[in-house]
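Colleague: Please take a close look at a single part of this model, the nonpolar patch on the surface. Which residues form the patch, and what is found around it?

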Amino acid sequence: MILGVFAVVALVKVYGSHPPSGAMKPAASWFDPTAMRFSDLVVALLLAVFIYWGGSGVAVNEESENPAEGPGKRPWSRR
(Lines give C-alpha, C1' and ligand atoms only; values in the text may rest on other atoms or scores of the structure.)
Protein backbone atom coordinates (compact mmCIF):
# COMPACT_ATOMS: atom_id res chain seq x y z
CA MET A 1 0.00 0.00 0.00
CA ILE A 2 2.71 2.48 1.02
CA LEU A 3 4.83 1.54 -1.99
CA GLY A 4 1.83 2.14 -4.27
CA VAL A 5 1.28 5.61 -2.77
CA PHE A 6 4.98 6.38 -3.19
CA ALA A 7 4.87 5.30 -6.86
CA VAL A 8 1.77 7.39 -7.59
CA VAL A 9 3.30 10.48 -5.97
CA ALA A 10 6.54 9.97 -7.91
CA LEU A 11 4.71 9.61 -11.24
CA VAL A 12 2.55 12.68 -10.54
CA LYS A 13 5.71 14.71 -9.83
CA VAL A 14 7.46 13.46 -13.00
CA TYR A 15 4.47 13.99 -15.30
CA GLY A 16 3.40 17.25 -13.62
CA SER A 17 3.83 20.68 -15.15
CA HIS A 18 7.13 21.34 -13.30
CA PRO A 19 9.09 18.09 -12.89
CA PRO A 20 12.20 18.17 -10.66
CA SER A 21 15.52 18.71 -12.42
CA GLY A 22 17.01 15.45 -13.62
CA ALA A 23 13.64 13.64 -13.60
CA MET A 24 13.31 10.90 -16.22
CA LYS A 25 9.97 9.81 -17.64
CA PRO A 26 9.53 6.00 -17.61
CA ALA A 27 9.68 4.32 -21.00
CA ALA A 28 8.51 0.90 -22.17
CA SER A 29 11.96 0.31 -23.70
CA TRP A 30 13.37 -0.07 -20.17
CA PHE A 31 11.71 -3.50 -19.98
CA ASP A 32 13.10 -4.81 -23.30
CA PRO A 33 15.81 -7.39 -22.44
CA THR A 34 17.14 -7.42 -26.02
CA ALA A 35 18.04 -3.72 -25.82
CA MET A 36 20.67 -4.16 -23.10
CA ARG A 37 24.37 -4.66 -23.65
CA PHE A 38 25.90 -8.05 -22.91
CA SER A 39 28.10 -6.61 -20.15
CA ASP A 40 25.00 -5.25 -18.38
CA LEU A 41 23.38 -8.68 -18.59
CA VAL A 42 26.47 -10.30 -17.04
CA VAL A 43 26.48 -7.76 -14.21
CA ALA A 44 22.77 -8.37 -13.54
CA LEU A 45 23.24 -12.15 -13.48
CA LEU A 46 26.23 -11.91 -11.14
CA LEU A 47 24.29 -9.64 -8.81
CA ALA A 48 21.32 -12.03 -8.81
CA VAL A 49 23.58 -15.00 -7.99
CA PHE A 50 25.30 -13.04 -5.22
CA ILE A 51 21.97 -12.05 -3.63
CA TYR A 52 20.61 -15.61 -3.88
CA TRP A 53 23.83 -17.12 -2.51
CA GLY A 54 23.92 -14.68 0.41
CA GLY A 55 20.33 -15.37 1.40
CA SER A 56 20.71 -19.13 1.22
CA GLY A 57 23.92 -19.00 3.24
CA VAL A 58 22.10 -17.33 6.12
CA ALA A 59 19.30 -19.88 5.99
CA VAL A 60 21.68 -22.85 5.99
CA ASN A 61 23.50 -21.52 9.07
CA GLU A 62 20.64 -22.59 11.35
CA GLU A 63 20.51 -26.18 10.12
CA SER A 64 22.33 -28.65 12.34
CA GLU A 65 21.88 -32.14 13.78
CA ASN A 66 20.95 -30.83 17.21
CA PRO A 67 19.34 -27.37 17.00
CA ALA A 68 19.46 -27.01 20.79
CA GLU A 69 23.26 -27.09 20.68
CA GLY A 70 23.76 -25.80 17.12
CA PRO A 71 25.52 -22.70 15.80
CA GLY A 72 22.47 -20.43 16.17
CA LYS A 73 22.04 -21.06 19.91
CA ARG A 74 22.77 -18.11 22.17
CA PRO A 75 24.97 -19.03 25.13
CA TRP A 76 22.79 -17.12 27.62
CA SER A 77 19.52 -18.82 26.66
CA ARG A 78 19.22 -21.95 28.77
CA ARG A 79 16.17 -24.15 29.17
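Modeller: The nonpolar surface patch is formed by Met36, Phe38, Leu41, Val42, Leu45 and Leu46, which together have about 580 Å² of accessible area. Bear in mind that the model is predicted. One of the patch members, valine 42, lies in helix H2, which covers residues 38–61. Valine 42 has a relative accessible area of 32% and is therefore partly exposed; patch membership requires over 30%.

Charged side chains also deserve a look here. Aspartate 40 and arginine 37 form a salt bridge, and their closest N and O atoms are 3.3 Å apart. Side chains of opposite charge can pair when their charged atoms come close. Aspartate 40, at 31% relative accessible area, is partly exposed, whereas arginine 37 is exposed, with a relative accessibility of 56%. Patches are made of residues with no salt bridge. The structure holds 1 salt bridge.

As for the protein as a whole, 2 helices and 0 strands are present. Buried residues account for 3% of the 79 residues. The accessible surface amounts to about 7600 Å², and carbon and sulfur atoms contribute 69% of that surface.

Key:
Residues are numbered from 1 along each chain as its sequence is written. This is a predicted model: local features need pLDDT of at least 70, side-chain atom pairs count only at pLDDT 80 or more; totals for chains, interfaces and linings use all residues. Side-chain values use heavy atoms; hydrogens and water are left out. Helices (H or I, at least four residues) and strands (E, at least two) are DSSP runs, numbered from the N terminus. Buried means under 20% relative accessible area, exposed over 50%, partly exposed in between (1.4 Å probe, protein chains only). Accessible areas come from the Shrake-Rupley method with a 1.4 Å probe; for residues, only the protein chains shown count as cover. Patches are made of residues with over 30% relative accessible area and no salt bridge: like charges are joined within 9 Å, nonpolar side chains (Val, Leu, Ile, Met, Phe, Trp, Tyr) within 5 Å. A salt bridge is a side-chain nitrogen of Lys or Arg within 4 Å of a carboxyl oxygen of Asp or Glu.
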